[in-house]
Every structure is written in structure tokens, then in C-alpha cells.
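Q: Please take a close look at the strand pairing in this model, and then follow the description outward to the helices. I would like a connected account, with the residues named wherever possible.

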Amino acid sequence: MEVRVSNVRKEFDGFAALKDVSLDIRSGELIALLGPSGSGKTTLLRLIAGLELPSQGKIFFGDMDASEKTVQERNIGFVFQHYALFRHMTILENISFGLKVRPRATRPPAGEIRRRAMELLDLVQLSGLEKRYPNQLSGGQRQRVALARALAIEPGVLLLDEPFGALDAQVRRELRRWLREMHDRTGHTTVFVTHDQEEALELSDRLCVMSQGAIEQVGTPDEVYDHPASPFVFGFIGESSELPVTVEKGELLLAGRPIGLAAPEARPGPARMYFRPHDVDLVEGDATLAGVVHTSRRVGGTRRVEVDLGPANHKVEIDLPFDHPAGERSQLTFRPRRWQLFPSA
Amino acid sequence: MSTLTVTAPPRRTPWRLRQSSVIPGFGLTLGFTLTYFSLIILVPLIFLVLRATGQGPGVFWAAATDPRVLGALRVSFLTALFAAVVNVIFGTLIAWVLVRYRFPGRRLLDAMVDLPFALPTAVAGVALTAIYAPNGFVGALLTPFGIRIAYTPTGIIIAMIFIGLPFVVRTIQPILEEVSREVEEVSATLGANRFQTITRVVLPSLTPAILTGFALAFARAVGEYGSVIFIAGNIPFVSEIAPLLIVIRLEEFNYTGAAVIATVMLLISFALLFAINLIQAWSRARYGYGN
């Protein structure tokens, strides 16, 4: 189902958690709400669910105005970070809960409820555990039960609030891949909240980057990573280094010295240049960025060095091959391969 | 010579009283606990039982089955059970309001819950009697309808409700705080209406706490003396409670009689509390509360 968030504003005791947010969620897509804590991403998710009501604006499910509907009527599946399983119920009872509480007219017969719950249990790969209680399962298993429970009511939209946040790194990776497969198989429109940019990039069809109660950028992982719309997005998604440069006659200058990068279309004057540590070339010559290695750390398959760029004490991070001989105090000259200019703040 | 056995048979760790642990002071604290427990609880109770049975089982049986004693025990336990049930219902409600909602005066209300703990029970008894007596504030309103509260078992129940309430509220409150809002929210997203959320999700998860609160309120009510005797009217077979009968026996210098009633009360209370504890242990093990 399509979800349309239209000019929504949400205030808590005079504090605006969301400021005039609009977002179109396409039917069947897996979209991530990504942002630091306090960015309003969870508030937006809870508004879509109906667990909070907007101070202003509307939310549509398809053509239906959902703002008027209660949580119960919205038919959404919600999964919390800490699972929120019913501890006094078995796994099977947990999964069938949503069907069992339906009014008699729409409630499937008991046998049918059981059959569907068992099917879902199979889907989340927990067959055989139906008689267990939640406290007898591991974190990853509990989260899959929570998901099966949400899917049991055949929700129009599936909403996940930091679904992997409480799990350890390896389980998280596994569940991530598994969730992607699940989504491809079942095709539920899914919105998930995360503060982990790697998770958002890997998992989502599109991501919606939020900061301070507003949406910064919405796009596919490639668009957002390669063409960040704002310094915030550049800094938040992936690694980045920033330098205060000046544009003069279509060329970039750092502290009055040309660095060998042309920007013919940029407005003359001060600007901020962003680039990614791995998007640099080591080059010889005068018109380059030249500096002294300050620290050097091994990060996975590369070596990340912090380079001190002389005059105004600018420090930037760049990646070198792990077997590069540069050690502390070595001189380096380099030039960003890809970079982006933003106006000075 | 086959002393070179490579695979030793799996050895069971011998059971030891003391597991080696980094938590210090096991010997000291357990020793202190047992000594203290003996001095404060066990020894007095043993002497009580010895006193009651000292003159042989015949005397014990005769004193225990005296009709007035049986009547007093019935009044005591029935009113205490009833009061505990009422307390569990309304105590849970009060705990719910205090935990889930924010409203002006909440802290004041929260503090007032403890008042029955602090008030001398005789004061409570006098106050309740003044209100519920036929010419009292509430009593006068009910008298035209032929309803009498003071000097009837109903009065006893009201006094017991008064003194037992904080036990229920204070046991349920922390557990309710622990049962996360999210569980209630998830129930709503699954389509459960408010009533279903309360009856199927919230209350079942509170069961262990409710049982504890029930047990405490019940135990307190059975042992209550001060507030009850003012409002009860103390009519034998109708509104005379067992603790009062114990005092009456003492005033008659019938120490054995008093000890016998006390012992019977002790046995019944212990059996009930022990049963409640077993139910709790079972539900804890199953649902994993407290871990």
C-alpha cells in the first residue's frame, strides 16, 4: 500500500519533533528512515502507525485518510527494537494474538489461525519452537517472532523501529540479509528506522535522511551516497572529510594556494569542499594537497591516515593501500578524485 | 600396568554447600541470616507451638474446635480473604493510574498511599468507626436503606481494606513500570481493543505481582487487631475476630487457649502463603520475570 505523509508537524510540549514533513512511500518498497537520535525518525514512524497523532498535517494510506483512524483500524505491523513480545504467551500464542483478538465476524476459525501461525513460524525459520516462551529464545529469534506476529495480521504497511538495534553485530548482519529476502518474497511495503547508515544503505530500496525534525534527502542508496544534497547528508552517510576552500577564477584554493582542482561553474568566494577518504589519488606536483601524516590506523583492507594540511592546521582523513609505506611524519601529496562543494555556512 | 588412562570418566562435580563465587561474605551473611531468623521468628513460634500442645493433643483439639474459636477463625479468614480480593482489584487500578498517567497531584496521591502503613491502626479504627457508625458521616447516609457497616463483618472488611491497600499498590507499581508501554502499543497495532489489551496482555503479565500483593494484604488483614476491634462490634460468632479472642483468652489467664488459637491461625496462614509462593515460583520460571 502507498503511504503519503503530507505536511506533518508534531510538537511535544512546545518542542517541534517534526517540522512540516512530507514523504511519499511507494507500494512494495523497503524504505529506511535514517538519522541521528533526535532527528524525528522514530516520531515519523509512530505517526504513520497511529501511536502518535500529528499536531498538523495528514497521513494517507492509498486514498484513505488514515489520520482519522485509530491504531487498531490502520492495520499496520509494528516491530519494536526490544521486541515487546508477550512474555506470558508461548511463541505460537504470540503470533496468533492479532488474529485471536479480532471480532467474531472477521476472526478465522481456530484451526485456520493455528495453521497460519505455524506457516509464519516456518517463514521466520523457527519451526519447532512454537511451545517455547519468549524468555527461552535468543535476541535474534525473539525479533523474528516479533516480525512473524506483525505479519500475521496481513498488514498494509510494515513498520520497524530500529529492528536490529539490540542485537550483536553478527546476528544483525544475518537478520539484515534475511529481512531483505523476506521482503523480496512477501512484498510488504516496509518502513524501517535506523541510525546505522551502513544498514540503511545495504537494506533499503530508498532512504530518507532526516536531521532535526526535517527531511534532508530522499533517494536510492546510490543517489544519496554519490550525490548528497547537503553537507549534513555528506557527513552522515559514509566517511567524509571537509576543507574550507576558496573559489577563484574557476579554481579551488586552499589557504591561497591552488590545489589543482577546477570548478568552472562554482560561484567565486569561500566554499566548503567535501570528499570521501577513499576517493583520493596520490599525485606528485605543486598544485596538490600536501601534508604530514599525523596518525595512521589499519581499518580492514585499507590504512586510514590523518593528514595535517599545514597552514591553518586542517586535518583530513584519507585511505591508503594497507601496504603503503607512509608512516607517521611522512610527507604526502594527494588530490580528491571526486568531491563536492557546498556554500560556506 | 595400565595406569595411563587417557579418557577419564566424566566426573560429576561434587555437591558443595558453598559454590566458589566472587560475591563476598557468603558464610558470614548466611550465618547471620540464620541466627537472626531463629531469634526473631523461629524460636518465638516454636515456644508458641510448645505452649499450645504442652497439655497434650486432647486439650489442643478441644480448645481448637471450641465453637466460639471456630466462629472467630471463620470470621477472621473470610473477611481477610474478601478484603484482600477487594484490595487486589482496586489496588491494581490505583497502581495503574499512578504509573501510566501524569496528572497534577500525582506525587501527593502517591505519598498518601503509604499512610495506612504509618498510621497507628487504632487511630484508623476510631476514624473509620466515626464515619461508618449509624450516626456517622457515611453511616447516616446508609442507615435509611437498612445498611449497617460498623459493628458488622462489613465493618471488619472495610478496616482490613484500609490497612491492606498499600501492600497491593506498592508491589504492583514497580512491576507495572517494568511492563513496557511498548507491549501495550504492540497489542493495539495488532488490532486489540483497550479491553483486550488490559485483560489479555497487561493483567496476565502482572499476575505474579498481583499474587504477592494479595498474599501480603491477606496476611496483614488476618493479623490485624487495632483497627478492627473498634469497628467490628465484636459479637461472638458474627463479628469477633480470632486475634481479639486471643486477647480475651489472655485476660482470662487461659494462656494455653490463647496459644492454641494462635497456632491454628499460624498453620492456616502459613499453608495459604506457601501455596501462593508456589504459584508464583511456577509462573516466574515460566515467564522469566525478574531476569
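A: In this predicted model, a useful place to begin is a single pair of residues in chain A, since Thr295(A) stands opposite Glu306(A) in S17(A). That pair belongs to the antiparallel strands S16 (residues 289-299) and S17 (residues 302-308) of chain A, which are joined by 7 bridges. Both strands are part of an open sheet of 5 strands, whose order in chain A is S15-S19-S16-S17-S18 and whose pairing is antiparallel. At the edges of this sheet lie strand S15 (280-282) and strand S18 (315-321) of chain A, each of which pairs on one side only. Averaged over neighbouring strands, and with direction ignored, the turn of one strand against the next in this sheet is 50°.

Another open sheet of chain A has 6 strands in the order S6-S7-S8-S3-S9-S10, and here the pairing is mixed. Its edge strands are S6 (76-79) and S10 of chain A, each pairing on one side only. For this sheet the average turn between neighbouring strands, direction again ignored, is 15°. The mixed pairing can be followed at the two ends of the strand order. At one end, S6(A) and strand S7 (residues 157-161) of chain A run parallel and are joined by 4 bridges, and within this pair Phe78(A) has Leu159(A) in S7(A) as its bridge partner. At the other end, strand S9 (residues 206-211) and strand S10 (residues 214-219) of chain A run antiparallel, with 5 bridges between them, and Leu207(A) stands opposite Gly219(A) in S10(A). S9(A) and S10(A) form a hairpin with 2 residues between the strands, where Gln212(A) adopts a positive phi near 50°.

A hairpin with 2 residues between its strands is also formed by S1(A) and S2(A), and in its turn Asp13(A) has a positive phi of about 50°. The strands concerned, S1 (residues 3-12) and S2 (residues 15-25) of chain A, run antiparallel and are joined by 7 bridges, with Glu11(A) standing opposite Ala16(A) in S2(A).

Turning to the helices, H5 (residues 139-152) of chain A packs against H3 (residues 91-100) of chain A at an angle of about 25°, the axes being 7 Å apart. Angles under 35 degrees count as roughly parallel, and H3(A) and H5(A) are therefore roughly parallel to each other. Their contact involves Ile91(A), Asn94(A), Ile95(A) and Leu99(A) from H3(A), together with Val145(A), Ala148(A), Arg149(A) and Ala152(A) from H5(A). The crossing of H3(A) and H5(A) is right-handed.

H5(A) also packs against helix H4 (residues 110-123) of chain A, at an angle of about 135° and with the axes 9 Å apart, and H4(A) and H5(A) are therefore oblique to each other. In this contact H4(A) contributes Arg116(A), Leu120(A) and Leu123(A), whereas H5(A) contributes Ala148(A), Leu151(A) and Ala152(A). The crossing of H4(A) and H5(A) is right-handed. Ala148(A) and Ala152(A) thus appear in the contact with H3(A) and in the contact with H4(A).

Finally, in chain B, helix H8 (residues 153-178) has 26 residues, which at 1.5 Å a residue should span 38 Å, and its end C-alpha atoms are 37 Å apart, in agreement with that expectation. H8(B) nevertheless carries a kink of about 40° at Gly164(B), shortly before the proline Pro166(B).

Technical notes: Residues numbered from 1 in each chain as written. Chains lettered and ligands numbered in written order. Predicted model: local features only at pLDDT ≥ 70, side-chain atom pairs only at ≥ 80, totals over all residues. Heavy atoms only, no water. Expected span 1.5 Å × (residues − 1). Bend = angle between axes of the 7 residues up to and from the residue. Pairing = 2+ DSSP bridges. Axes fitted to C-alpha atoms, helices over the stretch in contact; angles between N-to-C directions. Parallel < 35°, antiparallel > 145°, perpendicular 65-115°, else oblique. Left-handed = near helix turned anticlockwise from the far one by under 90°. Contact = heavy atoms within 4.5 Å.
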